[in-house]
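This briefing sets out the main architectural points for the structure shown below. The topics are taken in turn, and each is given as a short group of statements.

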Amino acid sequence: MSRVHRFSRRAILSAAAASAAARVLRAQDAGPRIATLDWALLETLLAIGANVVAATELRQFRQVAVKPDVPQGVADLGLRGTPNFEALRLARPDLIFNSNFYAWADPLMNRIAPVESHPIYKPGESPYILAEQATLAIGERLRLPAARRLVEDLADRLDRYKNLFAKGDGRPLLPINLGDARHYRVFGSDSLFGEVLKRMGLANAWAGATSYSAMAPMGIETLASMPEAWIVLIPPHPEDAFAALTESVFWKALPAVRENRVLTVGSINPYGALPAASRFADFLAEGFSYVRSG
Amino acid sequence: MSGAVNLPMPMRTGLPHFLPAVVLGIACVTSFILLLAFRPHVPGEAAPTAALDAILLWNSLLPRAAIALIAGAALGLSGALLQRVLRNPIADASTLGIASGAELALVFSLGFLPLLGGISRELIAFAGGFGAVAIVLALSWRRGLDPVTVAISGMIVSLITASLSVTLILARGEYAMSIHIWGAGALNQQDWSGVNSLAPRLGAGIVAAAMLLRPLNVLALDDSSAKSLGVALHGVRFSILILAVWLSASVTATVGIIGFLGLAAPAMARLCGARTTGQVMITSPLAGATVLFLADCLTQLLGPGFSDLVPTGAATALLGGPLLLLLLPRVNGFSAMTATADATSRQFRKPAVALSLLAAAFAVILALVLTLGPTERGLSVALGPLFSELLPFRLPRILAAGGAGALLGAAGFTMQRVTGNPIASPEVLGVSSGGGAGLTIALFVFGVPSPAVVLLSMALGSLGAFLVTIAIAGRSGFSAERLLLAGIAISAFCMAIVSMVLAQGDMRSYALLTWMSGSTNRAGAVEAWTAMITLVVLTAPLFLMTRWLAILPLGTSLSRSIGLHVLLSRLVLAILAGLMTAISSFLIGPLSLAGLIAPHLARLLGFQKLQYNLAAAILIGAGVMMMADWLSRVVIYPYQVPVGLFAALIGGPYLLWLLGRKERSA
């Protein structure tokens, strides 16, 4: 009996050792264990195939940003505003990427692993260029060639879409996000979506710049001041607000609505990086090709 | 005999004062004409823009004006009804917690019960508002719905519901925007649907109020006289209450929280000369409609282009504080609240030994919160290397929470002594919200202020709030009710400032939300050291001021006759208490009520002697906040709950129980 017992235990131990070794090997293959607090960096890291082990608000991320998929094993660190540092420590990251948004957490996270900061949203700077820079820097740091591919692919695709849209109606676009039935956020020329429009040769109907990439909140009646524009609704928005708005007399009277110039795209993280930009561009291209053929 | 009963308050007799009414009317008409003249126009070619302008005029501007009038009238009527039925001149949807209860219910249903999509917003808001007011009234029932008790219960229920709403908002991230705006009560309209749904409700409310006019009149008498006149007292009161809650909850569901309008309208009505119940019931809705209309015109006129200056509801909330102060002399508590709350006979024979035992218990708590924590495998005790790994994250927040709790315990103790009032505490007297106003101003002036600037501005805000409260209460002889009401007024004013910036929905509002949610999660070395150093520096002098602390509760005249420099001693202690509150508010946010319960628990345990009482209050405050901090990081790991919430959930009911207790001396 005892021999059997010992044998089985040894077997278990060796199996465990083997699997641990395999895990180490796999971990080495996958590169350093990465954690981040910032959603824009999270989607960048996932898109270039980094070994992400911990990130914030994953439940919400899966609903709002949708893509890239977050692997099941990634530890959820809780809210972006109050990340759980103990959970971060237990995830044992080798490297933490952070943005200026959560700079207050740097000293605390430095105790866990080295922190490298890449700003994407800074007042007065183009988030698209900063996102490109961050993607390339992270790619170099992690030796992931997918980063450069992501940047170049997107630039090429935006160029291609530019030719496509050149055949369009030439009207400006107004990318907005509904807050409730009476308020929306607008993404101005200095927002990520605004930059994508510019690169695709499309005009943004919101002429002014907006602070921190989105101005909140605008009264819905301001939509009437841009009669020429296409309205691009970017979810997520509260369903009841969408229903209440679209049934209202005011909405139905808007030239854009009467002339079928409203496009609702899929859910996008408004404070995203290149993957969000790419999602936005693809949605627009898809939407407008559908409009033209339909 | 059938004539109306006069309102129970000092008044001038004679002709109604037409002048204020005329001035208000002219102001309304003028601002609306200005609004029509200067409203922004759609750019572009003539033909299509003319059509759009017409749409804007007919489907946005005019319904907005109509909804301002209707919502204002509904709130005015609701306020007048509430004040009459509760015989309380400061009852209104804001002070009774109706608005914040409705808000919480709507936030909750939006976030967690999407299946309820079929149920109307009004019904959900009504359920929340009615739940809140039911709690408030149940809590103050035993004191015969005494106005002061009702106001305090309302404030606490509002505090807790608002904090729960903030927690839900933060937990939901991006979706928050609609709640911000809605919480601040913006009147923008895109068609007549809001008007169509609210106008019949107002009409029904007016009809019901007209039918209830006779019982309303009788209700102005005391209960026994009313009964003898044959009024089914409870039934009538209850139906009037339901009507009032329904009116204000409908407004909340349609346009959000319009702060303190129910308070302002009847006050204006009286200013314009309304005296009898009938006059007040007719004039209050008119006054409410006028005030809201005027405020809404102004915010549209002053805002750039198509956008508003501030959400209208946030603007009217600014009226709340000053109005409450104006109405203070009219509030008569039924029973004086004096320092009898916990005059227990229990007393330790050897307080030093008892204090050491308390310290030992404190040490056990400290050890537990340091070692016990959740991991992905559930709750486990961290020892050895894991402990030293986690210590850098646990220790600062535990020190910050414990230090803040200790400071609050000491601040509450000091305030209760200075005012001679057992329910004085940083939260109740509006000192914590004063810190919030300071923070708001710092965010406005500096954009991204450094921690030192934040701390300084919060200290100035807290100190200012406390000094104003004391000054106002001192003028009316420092009675307990005046003090608390002044505190509530200051608190309302400060929170109105905070919510105006919150409604902007930018980075500043995120910073404010983070502060309001009161998380110790960000605590690092700076916060821990701040807590520890200020704890020593600020509480040590208190032990040297025991003479002041012992004499001041006896009252101004007695203190003076003993030879105490009353003003100086009060000022010094007030500054200390204000600073302690500011620092704890900086560390753990505005909500906790630890400053209230710690001194009481100390006395209830049997620490009657001053020094021991103070030391025990400090220890208990620290222990309570450390446990609250532990709960906040354990309950929904890895997500975290605001730390003040748990302390408030314990402290709020305790305060209300304290108020509800029958006085022994009576």
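In this predicted model, strand 1 (residues 33-36) of chain A and strand 4 (residues 95-98) of chain A are paired in parallel through three bridges. Both belong to an open sheet of five strands in chain A, ordered 3-2-1-4-5, with parallel pairing. Strand 3 (75-76) and strand 5 of chain A occupy the edges, each with a single partner strand, so one side of each has no neighbour in the sheet.

**Strand pairing in the sheet of chain A**

- Between strand 1 and strand 4 of chain A, A:Ile34 has A:Leu95 of strand 4 as its bridge partner.
- Strand 4 of chain A also pairs with strand 5 (residues 115-117) of chain A, in the parallel sense and over three bridges; here A:Ser117 of strand 5 is the bridge partner of A:Asn98.
- Strand 1 of chain A pairs with strand 2 of chain A in the parallel sense, over four bridges, and A:Asn51 of strand 2 is the bridge partner of A:Arg33.
- Strand 2 (residues 51-55) of chain A runs parallel to strand 3 of chain A, to which two bridges join it; A:Ala55 stands opposite A:Asp76 of strand 3.
- Strand 2 of chain A is mostly covered, with five of its five residues buried.

**Chain A as a whole**

- Twelve helices and ten strands are assigned in chain A.
- Of the 294 residues in chain A, 51% are buried.
- When contacts in chain A between residues at least 6 apart in sequence are considered, 60% join residues at least 24 apart.

**Helix 6 of chain A**

- Helix 6 of chain A comprises 16 residues (residues 127-142); at 1.5 Å a residue these should span 22 Å, and the end C-alpha atoms are 22 Å apart, which agrees.
- The buried residues of helix 6 of chain A include A:Pro127, A:Tyr128, A:Leu130 and A:Ala131.
- Further along helix 6 of chain A, the buried residues include A:Glu132, A:Ala134, A:Thr135, A:Ile138 and A:Gly139.
- An α-helix has 3.6 residues a turn, so residues three or four places apart point the same way.
- A:Arg143 follows helix 6 of chain A and has a positive phi, near 55°.

**Domains of chain A**

- Chain A is divided into domain 1 (21-118) and domain 2 (150-293), and the centres of these domains of chain A, taken over C-alpha atoms, are separated by 30 Å.
- Their contact involves 13 residues from domain 1 of chain A and twelve residues from domain 2 of chain A.
- On the side of domain 1 of chain A that touches domain 2 of chain A, helix 2 (39-47) and helix 3 (58-64) of chain A each supply at least two residues.
- Helix 2 of chain A gives the most to that side of domain 1, with six residues.
- By class, the side of domain 1 of chain A that touches domain 2 of chain A has nine nonpolar, two polar and two charged residues.

**Domains of chain B**

- Chain B is divided into domain 1 (18-112 + 124-137 + 151-327) and domain 2 (351-660).
- The contact between them takes 28 residues from domain 1 of chain B and 33 residues from domain 2 of chain B.
- Helix 5 (147-172), helix 6 (176-183) and helix 13 (312-327) of chain B are the elements that give two or more residues to the side of domain 1 of chain B that touches domain 2 of chain B.
- Helix 5 of chain B gives the most to this side of domain 1, with 13 residues.
- The side of domain 1 of chain B that touches domain 2 of chain B has 21 nonpolar, seven polar and no charged residues.

**Confidence**

- The model scores are ipTM 0.74 and pTM 0.78.
- Chain B has a mean pLDDT of 79, and 83% of its residues reach 70 or more.
- Among the elements of chain B, the lowest mean pLDDT (49) belongs to helix 6 of chain B and the highest (90) to helix 20 (residues 525-544) of chain B.
- The pLDDT is below 50 over residues 1-15 of chain B, a stretch with 15 contacts in the model beyond near neighbours in sequence.
- The pLDDT is also below 50 over residues 334-343 of chain B, where the stretch has 24 contacts in the model beyond near neighbours in sequence.
- Where pLDDT is low, the predicted coordinates should not be read in detail.

Terms used
Residues are numbered from 1 along each chain as its sequence is written. Chains are lettered from A and ligands numbered from 1 in the order in which they are written. This is a predicted model: local features need pLDDT of at least 70, side-chain atom pairs count only at pLDDT 80 or more; totals for chains, interfaces and linings use all residues. The expected span of a helix is 1.5 Å times one less than its number of residues. A residue is buried if 20 or more other C-beta atoms lie within 10 Å of its own, exposed if 12 or fewer, and partly exposed in between; C-beta atoms are placed from the backbone. Domain bounds come from an automatic or database domain assignment. Two residues are in contact if their C-beta atoms, placed from the backbone, lie within 7 Å. Ala, Val, Leu, Ile, Met, Phe, Trp, Tyr, Cys and Pro count as nonpolar, Asp, Glu, Lys and Arg as charged, and the others, Gly among them, as polar. Two strands pair if DSSP finds at least two bridges between them. pLDDT is the predictor's confidence in each residue, from 0 to 100.
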